[in-house]
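Work through the exercises below with the sequence and the model at hand. Each task is followed by a solution in steps.

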Amino acid sequence: MGGRYETGAHTVYDIKYHFVWKTKYGYGVLNGDVALRTRQILREICAENGLQIVSGNVRSNHIHLLVAGPTNMSPAQIAQYLKGKSSHRLQREFRELQKRYWGQHLWARGYFCATVGAVNEEMVKKYIENQAKEEGDFKVWDIEPKAEEKPKNSLGGLIRKLVSGL
C-alpha cells in the first residue's frame, strides 16, 4: 500500500481501524518469546489478508493495532482473522498457552474498534453542506427540510393536483 489513498476497481479509499483486544481472564502471558512471536504472527496474518499494520503494540495482557484495510473486509472480519488465527498459531507453538487456555481461546470474547481518518466528522459535514447547489438538488438528513429546500414539483404535489381534478 502506498500513497495517501488506496484504489480498487471502482473505489478510492483510506480506511483505518484501531483495534484493542485482551487475553482471556486478563492473564499477562504476552511476554518474551510469546510477545515477539505474537508480533510476527500478526504481521503474517495482515500480509495474508491484504491488511497493512500502521502501528501496533503488544502488551503483556492486551494488543493495540492500527490497521489499514480494503473496502471488502468488515471490521468484524478483520478482528476474526487477527484473533482467531493468532490464537490458533500461538497455542500450536507454545504448549504452556495450551495448558493455561485449555478451551483453545487465548483471547477474551470482545474487542474494541474505532475508525481513524485524516478528516473528522465535522469536516465531512461541512464539505457535504457546502456543495454547489444545482437545480433539483436537495439535502438528505434526519430533520425535515425547510420549505425553500423542498422540491417544487414533488410527487405528492402532482398526486394532489390529479386527485383534486377528479
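**Exercise 1.** Determine how β4 and β5 are paired and how they are connected.

Solution.
- Step 1. In this predicted model, β4 and β5 run antiparallel and are joined by 6 bridges.
- Step 2. To fix the register, take Ser 55, whose bridge partner in β5 is Leu 66.
- Step 3. The connection between β4 and β5 has 3 residues, and the two strands form a hairpin.

**Exercise 2.** Place β3 relative to β5 and β6, and give the order of the strands in the sheet.

Solution.
- Step 1. β3 pairs with β5 over 7 bridges, in the antiparallel sense. Within this pairing, Trp 21 has Ile 63 of β5 as its bridge partner.
- Step 2. β3, residues 16-22, is also joined to β6 by 5 bridges, and these two strands run antiparallel. Here Tyr 17 stands opposite Thr 115 of β6.
- Step 3. Put together, the order is β4-β5-β3-β6, an open sheet of 4 strands with antiparallel pairing.
- Step 4. β4 (52-58) and β6 (112-116) each have a single partner strand, so they stand at the edges and one side of each is left without a neighbour in the sheet.
- Step 5. On average, neighbouring strands of this sheet are turned by 15° against each other, direction ignored.

**Exercise 3.** Which strands does helix α1 lie across, and which does helix α2 lie across?

Solution.
- Step 1. Helix α1 spans residues 32-48 and lies across β3, β4 and β5 (62-68). Its direction is at about 160° to β4.
- Step 2. Helix α2 spans residues 75-93 and lies across β3, β5 and β6. Relative to β3, helix α2 runs at about 45°.
- Step 3. β3 and β5 appear in the list for α1 and in the list for α2.
- Step 4. As for the cover of β5, 5 of its 7 residues are buried, so this strand counts as mostly covered under the cut-off of 20% relative accessible area.

**Exercise 4.** Is Thr 38 buried or exposed, and which residues does it touch?

Solution.
- Step 1. Thr 38 lies in helix α1.
- Step 2. Its relative accessibility is 1%, so Thr 38 counts as buried.
- Step 3. Leaving aside residues up to four places away in sequence, Thr 38 touches Leu 30, Val 58, Ile 63 and Leu 90.
- Step 4. Some of these contacts can be assigned to elements: Val 58 falls within β4 (52-58), Ile 63 is in β5, and Leu 90 falls within α2 (75-93).

**Exercise 5.** How many aromatic pairs does a search of the whole structure find, and how are the rings of Tyr 17 and Phe 19 arranged?

Solution.
- Step 1. The search finds 5 aromatic pairs.
- Step 2. For Tyr 17 and Phe 19, the ring centres are 6.0 Å apart and the planes are at 50°, so the pair is tilted. Tyr 17 and Phe 19 are both buried.
- Step 3. Ring pairs also bring in Tyr 111, which forms a cluster with Tyr 17 and Phe 19.
- Step 4. Tyr 25 and Tyr 27 form another tilted pair, with 5.4 Å from centre to centre and 50° between the planes.
- Step 5. Tyr 25 has a relative accessible area of 56% and is exposed, whereas Tyr 27, at 32% relative accessibility, counts as partly exposed.
- Step 6. The face of Tyr 27 has a further neighbour: Arg 100 lies over it, at 4.4 Å from the ring centre.

**Exercise 6.** Locate Trp 102 and state whether it is buried or exposed.

Solution.
- Step 1. Trp 102 belongs to the loop between α3 (95-100) and β6.
- Step 2. With a relative accessible area of 73%, Trp 102 is exposed.
- Step 3. Between Trp 102 and Gln 91 there are 9.6 Å in space, C-alpha to C-alpha, and the two are 11 residues apart in sequence.

**Exercise 7.** Describe the protein chain as a whole.

Solution.
- Step 1. The protein chain has 5 helices and 6 strands. From the N terminus on, the elements run β-β-β-α-β-β-α-α-β-α-α.
- Step 2. Of its 166 residues, 25% count as buried.
- Step 3. About 12100 Å² of the protein chain is exposed, and carbon and sulfur atoms supply 53% of that area.
- Step 4. Among contacts with a separation of 6 or more, residues 24 or more positions apart account for 67%.

Terms used: Residues are numbered from 1 along each chain as its sequence is written. This is a predicted model: local features need pLDDT of at least 70, side-chain atom pairs count only at pLDDT 80 or more; totals for chains, interfaces and linings use all residues. Side-chain values use heavy atoms; hydrogens and water are left out. Two strands pair if DSSP finds at least two bridges between them. Axes are lines fitted to C-alpha atoms, for helices over the stretch in contact, and angles run from 0 to 180 degrees between N-to-C directions. Contact means heavy atoms within 4.5 Å. Buried means under 20% relative accessible area, exposed over 50%, partly exposed in between (1.4 Å probe, protein chains only). Rings of Phe, Tyr and Trp (its six-membered ring) pair if their centres lie within 6.5 Å; planes under 30 degrees apart count as stacked, over 60 as edge-to-face and the rest as tilted. A charge sits over a ring if NZ of Lys or CZ of Arg is within 6 Å of the ring centre and within 35 degrees of the ring normal. Accessible areas come from the Shrake-Rupley method with a 1.4 Å probe; for residues, only the protein chains shown count as cover.
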